[in-house]
Amino acid sequence: MNANTLPDIEQARFNMVEQQIRPWNVLDENVLEALSAVPRELYVPASMRTLAFADIEIPLESKKGTSCATMLSPKVEARLAQELQLTAKDCVLEIGTGSGYQAALLAHLSRQVTSVEIDPELAAFGKANLERNYVTNVQLETGDARNGWGSTEYDAILLTGSTPTVPDPFKYQLRIGGRLVVVVGQAPVMTAYRITRTSAAGFDVEPLFDTLIKPLRGITVSRFKF
């Protein structure tokens with residue numbers, strides 16, 4: 001690909017991948033292809049579309065002014081998607097839909113995504129974005145997932161906001177071999193972990209990278225300790 005011949009918006013997307021995302025150890029070719037295929041600019045609030053490819057979090061303001069949700073920075077979104085180690089056969093649970101962009105990335109990498117959003121207004125925004133972009137393998141649901149979501153087991157689970165400790169219910173919604181990616185801690189120190197279910201009551205815990213993101217609404221502290 002010759003970056004010098006790309007139209008402006010594709011040049012910006014190319015720069016996002018090459019200057020922000022690859023240097024953050026996102027090297028999985030499937031994830032990089034998804035970043036090119038899913039139009040991030042179409043999930044950003046219209047008033048902030050010029051910042052779609054910037055290395056920042058983008059606020060998702062509600063009409064009532066009650067939401068403090070954000071789109072994560074592109075490099076964090078990409079790294080979280082990569083660390084789930086998705087295959088085309090996987091079923092994924094995402095907690096915190098926001099704009100729907102992360103769900104769209106996960107949907108491109110897997111068979112089916114169930115995405116849960118606690119804020120009805122944001123859920124409507126995310127749903128509209130997904131439908132506008134013809135993403136058909138995301139089931140968007142509205143509710144408080146602090147105690148997990150339903151009784152289905154998943155191949156992969158992603159929490160898009162931080163939590164002080166790992167909520168136990170999500171560990172037990174993993175199939176054997178399933179992966180939970182979650183950012184754990186409180187500002188200013190947070191670490192992303194991948195937790196893999198190895199047996200009915202066994203889990204491997206792997207620290208991945210340090211970051212700082214907003215807390216996930218609805219999550220409460222559990223007694224689980226590493």
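This is a walk through the aromatic pairs, helix crossings and backbone details of the structure above. Keep in mind as you look that the model is predicted.

Let's start with the aromatic rings. A pair of aromatic rings is described by the distance of the centres and the angle of the planes. Searching the whole structure turns up 3 aromatic pairs. One of them joins Trp24 and Phe209, whose ring centres are 5.1 Å apart; their planes stand at 65°, so this pair is edge-to-face. The cut-off behind that label is an angle over 60 degrees. If you trace the chain, you will find Trp24 in the loop between α1 (8-21) and α2 (29-37), while Phe209 belongs to strand β9 (residues 203-211), so the pair ties together parts that lie 185 residues apart in sequence. How covered are these two residues? Trp24 counts as partly exposed, at 21% relative accessibility, whereas Phe209, at 8%, counts as buried.

Strand β9 also contributes to another pair, formed by Tyr172 and Phe203. Here the ring centres are 5.2 Å apart and the planes are at 85°, so the arrangement is edge-to-face. Tyr172 sits in the loop between α6 (168-171) and β7 (174-186) and Phe203 in β9, so this pair ties together parts 31 residues apart in sequence. Tyr172 is partly exposed, with a relative accessible area of 40%, and Phe203 is buried, at 18%. Phe203 has a further partner: Lys171 lies over the face of its ring, 4.7 Å from the ring centre. Something similar can be found at Tyr101, where Arg40 lies over the face of the ring, at 5.4 Å from the centre.

Tyr101 leads us on to the helices, since it takes part in the contact between α3 and α4. The axes of helix α3 (residues 74-83) and helix α4 (residues 101-109) come within 10 Å of each other and cross at roughly 35°, and the crossing is right-handed. Which residues make the contact? From α3 come Glu77, Leu80 and Ala81, and from α4 come Tyr101, Gln102, Leu106 and Leu109. By character, the residues of this contact divide into 5 nonpolar, 1 polar and 1 charged. The spacing within the helices is worth a thought: an α-helix has 3.6 residues a turn, so residues three or four places apart point the same way.

Stay with α3 for a moment. This helix is mostly covered, with 9 of its 10 residues buried. The buried residues include Glu77, Leu80 and Ala81, the three that α3 brings to its contact with α4. Charged side chains are on the buried list too, among them Arg79 and Glu83.

Next, turn to α1 and α2. Their axes come within 9 Å and cross at roughly 145°, in a right-handed crossing. On the α1 side, Arg13, Val17 and Ile21 meet Leu32, Leu35 and Ser36 of α2. The residues of this contact divide into 4 nonpolar, 1 polar and 1 charged.

Between β3 (91-95) and α4 there is a loop that holds Ser99. Is Ser99 buried or exposed? With a relative accessible area of 4%, Ser99 is buried, because the cut-off for buried is under 20%. Leaving aside neighbours within four places in sequence, Ser99 is in contact with Tyr43, Leu60, Met71, Phe125, Gly126 and Asn129.

Finally, a few backbone details. Most residues other than glycine have a negative phi, and most peptide bonds are trans. Where does this model depart from that pattern? Asn25 has a positive phi, near 65°, and its place is in the loop between α1 and α2, the loop that also holds Trp24. Gln85 is not a glycine either, yet its phi is positive, at about 55°. You will find Gln85 just after α3, in the loop between α3 and β3, where it is partly exposed, with a relative accessible area of 43%. As for the peptide bonds, the one from Ala187 to Pro188 is cis, with omega near 10°. Pro188 lies in the loop between β7 and β8 (189-197).

Terms used:
Residues numbered from 1 in each chain as written. Predicted model: local features only at pLDDT ≥ 70, side-chain atom pairs only at ≥ 80, totals over all residues. Heavy atoms only, no water. Phe/Tyr/Trp six-rings, centres within 6.5 Å; stacked < 30°, edge-to-face > 60°. Helix = DSSP H or I, 4+ residues; strand = E, 2+ residues; numbered from the N terminus. Buried < 20%, exposed > 50% of the residue type's maximum accessible area, 1.4 Å probe, protein only. Lys NZ or Arg CZ within 6 Å of the ring centre and 35° of its normal. Axes fitted to C-alpha atoms, helices over the stretch in contact; angles between N-to-C directions. Left-handed = near helix turned anticlockwise from the far one by under 90°. Contact = heavy atoms within 4.5 Å.
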